[in-house]
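Student: I've just opened this one and I'd like to talk it through. Can we go over what the labels rest on?

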Amino acid sequence: MDFSIIIDNLPLLFKGLGLTLQLLAISLVIGFILSIPLSIMAASINPWLRIPVKTFIYIFRGTPLLIQIFIIYYGFSQFDWLRESIFWVIFKQAYWCAVIAFSLNTAAYTAEIFRGAILQTQKGEIEAAEACGMSRFDQYRHIILPSALRRSIPMYGNEVIFMLHATVLAGVITLVDLFGAAKIINSRHYAPFESFISAGLFYLVITFTIVFIFKLAENHFLKHLKR
Amino acid sequence: MKKNLSIMSLLLSFLLLISTSVFAKDTVRIGVEGAYPPFSKTTKDGSLEGFDIDIAKALCKKMDVECKLIKQDWDGIIPALLARKYDAIIASMSMTDERKKKVAFSNRYYQSPARFITKKGGKIKISKDGLKGKSVAVQRGTVSDKFITGEFGEDIDIKRYGTQEEAYLDLNAGRVDLVFADAFVLLEYINSDKGKDYEFIGESYSDPKYFGEGIGIALRQKDTELKEKFNKAIAGIREDGTYDEIRKKYFDFDIFGKD
């Protein structure tokens with residue numbers, strides 16, 4: 001065991017850490033924004049809204065993220081028409097391919113979490129809103145969504161941690177994230193234990209931070225549900 | 001007398017048991033990559049073929065042992081040897097000082113330089129200045145990776161791939177300007193249909209500081225006996241012409257260098 005290898009390569013690991021956090025943050029923001037309309041559509045009784053969204057969720061939850069990334073990165077680049085289109089600016093870069101795959105994936109999972117919470121909204125709350133003369137839009141905006149999102153916090157925290165761990169897949173499409181950095185260190189020094197243990201420690205620290213933030217959020221937003 | 005007979009038969013069966021274990025062929029498990037044509041590739045039906053594979057089989061035959069080829073990804077090929085998943089690596093591995101810290105090597109069984117390829121007619125000058133801002137694909141953890149990181153690293157955008165095939169995919173897609181790898185491997189690619197638009201550019205690199213003393217068979221440092229056997233077998237197939245026969249199947253030029 002020779003942890004001096006790790007000390008020599010700390011700058012590389014920290015650079016990787018930066019990319020991991022960046023990928024995580026951007027994907028979560030895009031995924032969250034997408035998941036709200038998607039969850040409302042998935043909870044809708046109108047099949048024209050519900051079925052396409054359900055299909056999207058089914059596909060993205062039903063296939064491994066690694067396959068989604070390979071299709072988006074290596075698969076799409078095989079088509080000449082895509083390479084000649086303006087979209088190539090985005091698809092040419094591994095970074096954006098990863099962001100697209102991660103965002104769509106987390107959007108599918110998050111939409112499913114929110115859909116469940118929306119459907120579990122207390123009937124009384126909706127009836128009260130109707131009695132006050134609120135439109136459907138106002139009901140969602142003031143009653144259903146705020147309550148559903150609050151109740152989703154514990155499950156969403158789980159999804160954020162899963163997403164953090166899913167970002168290691170960026171390493172397979174040339175990106176040097178935390179895991180990619182560990183792979184480079186391993187390939188240079190043949191020290192799998194040292195490289196991956198250090199990367200693992202970084203992930204533990206990030207996970208711990210995420211858990212802590214969600215605990216604060218739960219204490220704040222779910223106070224009224226505490227027993 | 002009856003008692004004697006039973007003892008005799010017991011002894012006889014014992015002898016038989018010992019003799020079978022003596023005459024049964026030893027098995028040598030060999031780690032190969034299976035994703036580095038033309039040295040080793042996996043065919044459509046899942047079997048392995050290539051220069052490394054043929055050499056491995058020829059060496060086993062020369063050593064009179066049973067050969068068991070085990071496929072292993074490049075990233076983990078040395079750790080798996082150390083973890084005793086197999087006893088030797090025949091996977092076009094360059095003998096570098098860094099690797100020698102972890103494994104022992106046989107004598108070389110071939111030598112190979114590294115080169116760049118780029119799109120035909122591409123006006124890239126291979127020099128530190130010429131490559132500024134260009135992106136180069138290499139397979140992660142190879143000597144080509146070390147060379148380019150060490151000699152050009154600061155000035156160019158190096159993209160590292162898990163396999164050589166992924167590097168070609170991105171060259172085809174236009175995500176990288178050049179691929180830097182073993183000249184033999186690139187030769188196979190530019191001769192193929194997918195690679196017909198690409199050509200060699202710049203000189204051949206074989207700086208021993210990076211590329212070591214050629215390509216050898218990696219073994220655990222304790223297995224000195226096996227190493228001697230392999231060395232003898234390499235000399236053996238060089239002598240009896242098996243080596244040249246295999247080499248001619250893949251390359252129309254000498255790849256062993258001076259004896």
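Student: Let's start small. In which loop is Pro38(B) found?

Tutor: Pro38(B) sits in the loop between β2 and β3 (40-42) of chain B. Keep in mind that we're looking at a predicted model.

Student: What makes the peptide bond from Pro37(B) to Pro38(B) cis?

Tutor: Its omega is near 0 degrees, and that goes with the label cis. In general, most peptide bonds are trans.

Student: What is noted about the phi of Tyr190(A), and where is that residue?

Tutor: Phi of Tyr190(A) is near 50 degrees, a positive value in a residue other than glycine. You'll find Tyr190(A) in the loop between α10 (178-189) and α11 (192-221) of chain A.

Student: Asp64(B) has a phi noted too, so which of the two residues is buried and which is partly exposed?

Tutor: Asp64(B) has phi near 60 degrees, also positive, and lies in the loop between α2 (51-63) and β5 (66-71) of chain B. Buried means under 20% relative accessible area. Tyr190(A) has 10%, so it counts as buried. Asp64(B) has 47%, which falls between 20% and 50%, so it is called partly exposed.

Student: Now salt bridges. Why is the pair Asp87(B) and Arg220(B) called one?

Tutor: The cut-off for nitrogen to oxygen is within 4 Å. Here the side chains meet at 3.0 Å, N to O, so the pair qualifies.

Student: What does that pair tie together?

Tutor: Asp87(B) is in the loop between α3 and β6 (88-94) of chain B, while Arg220(B) is in the loop between β13 (215-219) and α9 (224-239), so the bridge joins parts that are 133 residues apart in sequence. Asp87(B) is buried at 13% relative accessible area, and Arg220(B) is buried too, at 7%. The two also belong to a network of salt bridges with Arg29(B) and Asp223(B).

Student: How do you know that Glu98(B) and Lys146(B) form a salt bridge?

Tutor: Their N to O distance is 3.9 Å, and the rule asks for within 4 Å, so they pass. Glu98(B) is in helix α4 and Lys146(B) in helix α5 of chain B, 48 residues apart. Glu98(B) is partly exposed with 29%, and Lys146(B) is partly exposed with 21%.

Student: Where do Arg247(B) and Asp244(B) lie?

Tutor: Both are in helix α10 (residues 242-250) of chain B, three residues apart, about one turn of the helix. Their closest N and O atoms are 3.6 Å apart, and that is within 4 Å, so this is a salt bridge as well. Arg247(B) is buried at 12%, whereas Asp244(B) is partly exposed at 28%. Over all chains, the count comes to 18 salt bridges.

Student: Which domains does chain B have, and how far apart are their centres?

Tutor: Domain 1 covers 19-111 + 214-250, and domain 2 covers 114-211. Their centres are 26 Å apart, taken over C-alpha atoms. The contact takes 17 residues from domain 1 and 14 residues from domain 2. Between them, the domains of chain B bury about 1,300 Å², 50% of it on carbon and sulfur atoms. On the domain 1 side, Tyr36(B), Pro37(B) and Trp74(B) supply 33% of the buried area, more than any other three residues. The two domains have three salt bridges between them.

Student: And how many salt bridges does the rule find between chain B and chain A?

Tutor: Zero. There are six residue pairs in polar contact, though. The side of chain B that touches chain A has five nonpolar, four polar and twelve charged residues.

Student: How much area is buried there?

Tutor: About 1,800 Å², with carbon and sulfur atoms giving 50% of it. Arg140(B), Arg160(B) and Arg175(B) supply 32% of what chain B buries against chain A, more than any other three residues.

Student: Last one: how many helices and strands does chain A have?

Tutor: Chain A has eleven helices and zero strands. Of its 227 residues, 45% are buried.

Conventions. Residues are numbered from 1 along each chain as its sequence is written. Chains are lettered from A and ligands numbered from 1 in the order in which they are written. This is a predicted model: local features need pLDDT of at least 70, side-chain atom pairs count only at pLDDT 80 or more; totals for chains, interfaces and linings use all residues. Side-chain values use heavy atoms; hydrogens and water are left out. Domain bounds come from an automatic or database domain assignment. Contact means heavy atoms within 4.5 Å. Buried area is the accessible area (1.4 Å probe) that two parts lose on being put together, summed over both. Helices (H or I, at least four residues) and strands (E, at least two) are DSSP runs, numbered from the N terminus. Buried means under 20% relative accessible area, exposed over 50%, partly exposed in between (1.4 Å probe, protein chains only). A polar contact is a pair of N or O atoms within 3.5 Å; within protein, one must be able to donate a hydrogen and the other to accept it, and residues adjacent in sequence count only if both atoms are side-chain atoms. Ala, Val, Leu, Ile, Met, Phe, Trp, Tyr, Cys and Pro count as nonpolar, Asp, Glu, Lys and Arg as charged, and the others, Gly among them, as polar.
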